[in-house]
Amino acid sequence: MVPMEFINQNILLIGVVVTSGLGLAWPMLMRSGGNEVSPAEATLLINRNDAQIVDVREADEFAAGHLPDAKHFPLSKLSERIGELDKFKDKPLIVCCATGMRSGKACKEFTKQGFSNLNSLAGGVDAWVGAGYPIKKGKAGK
C-alpha cells in the first residue's frame, strides 16, 4: 500500500504522470469506427477498390479544397443525409475531414447505420495535401 505521505509529497509528480498517460492514451480512445488509412493507402483503395470518398467538413472548408470526386456530407447534417449513401453500405468508404477528428465521429455514425467497410483518412485533407496529392476547389454538387 502506498503511504499517504508519499502521495502528499509527490502530488505534482503524480499529476504529471497521470496527465502524460492520458495524453498518450487519448488518440487510442478517440479511434474511429473505421480503419485509419494513410493518403497512399487511400489512393490504393480508390484505384483498386473504387472506394467512395465522403468529406464531412463544412461547406467553406470543402470549397477551399477537397479530394477529387469527394461527396460532401457535413458532419452537422450527416444524420439527416446518411440515407443518400445507402447504396455504398457494403462498398469501401473513405471518410475525411481536415485533420481526422471529425471523420472518426462520422465513422461511428456510419457504423451505427450498418456501413461495413469504413476507412478514416489519417491526418485528414491536411495529410493528403502534405503528401503532395491533388485537390479540387469549388463547391460540391451534393
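This is a short talk about one predicted protein model, from its sheet to its helices, cores and a few single residues.

Okay, hi everyone. Some ground rules before we start. The model is predicted, so local features need pLDDT of at least 70 and side-chain atom pairs count only at pLDDT 80 or more, while totals for chains, interfaces and linings use all residues. Residues are numbered from 1 along each chain as its sequence is written, and side-chain values use heavy atoms, with hydrogens and water left out.

Let's begin with the sheet. When I say helix or strand, I mean a DSSP run, numbered from the N terminus: H or I with at least four residues for a helix, E with at least two for a strand. Two strands pair if DSSP finds at least two bridges between them. Here, 5 strands make an open sheet with parallel pairing, and the order is β1-β5-β4-β2-β3. Which strands stand at the edges? They're β1 (35–37) and β3, and each has a single partner strand, so one side of each has no neighbour in the sheet. As general background, strands of a sheet pair through backbone hydrogen bonds, either parallel or antiparallel.

Now walk across some of those pairs with me. β2 and β3 run parallel and are joined by 2 bridges; there, aspartate 55 sits opposite histidine 72 in β3. Between β2 and β4 there are 4 bridges, again parallel, and valine 54 has valine 95 in β4 as its bridge partner. Then 3 bridges join β4 to β5, also parallel, with leucine 93 standing opposite leucine 118 in β5.

Have a look at β4 itself. Is it buried or exposed on its two faces? Both faces are covered: Leu93 and Val95 on one side, Ile94 and Cys96 on the other, and all of them are buried. By buried I mean under 20% relative accessible area; exposed is over 50%, and partly exposed is in between, using a 1.4 Å probe and protein chains only. In general, side chains in a regular strand alternate between the two faces of the sheet.

Next, the helix on top of that. A contact means heavy atoms within 4.5 Å. For directions, axes are lines fitted to C-alpha atoms, for helices over the stretch in contact, and angles between N-to-C directions run from 0 to 180 degrees. Helix α6 (residues 101–112) lies across β2, β4 and β5, running at about 170 degrees to β5.

So what's inside? A nonpolar core is a set of buried Ala, Val, Leu, Ile, Met, Phe, Trp, Tyr and Cys residues joined through side-chain atoms within 4.5 Å. The largest one has 15 residues, and those with the most contacts inside it are Val54, Leu85, Leu93, Phe110 and Phe115. β4 and α6 each supply at least two residues of this core, and α6 gives the most, with 3. There's also a second, separate core of 13 residues, which includes Val37, Ala42, Leu121 and Val125. Back to phenylalanine 115 for a second: leaving out residues up to four places away in sequence, its contacts are Ile82, Leu85, Asp86, Phe88, Lys89, Leu93 and Phe110.

On to the cysteines. How many disulfides are there? The count is 0, where a disulfide is a pair of cysteine sulfur atoms within 2.5 Å. Why no bond for cysteine 96? Because its sulfur is 7.2 Å from the closest cysteine sulfur, in cysteine 97, which is too far. Cysteine 96 is buried, at 0% relative accessible area, and cysteine 97 is buried too, at 1%.

Another spot to find is arginine 81, in helix α5 (residues 78–81). Arginine 81 is buried, with a relative accessible area of 17%. A polar atom of its side chain lies 3.1 Å from the backbone oxygen of histidine 72, and that fits the polar contact rule: N or O atoms within 3.5 Å, one able to donate a hydrogen and the other to accept it within protein, with residues adjacent in sequence counting only if both atoms are side-chain atoms.

Last stop, two aspartates. Most residues other than glycine have a negative phi. Aspartate 50 isn't a glycine, yet its phi is positive, about 50 degrees. Aspartate 50 is in the loop between α3 (39–49) and β2 (52–55), and is exposed at 54%. Aspartate 69 also has a positive phi, about 65 degrees. You'll find aspartate 69 in the loop between α4 (59–64) and β3 (71–72), exposed at 65%.
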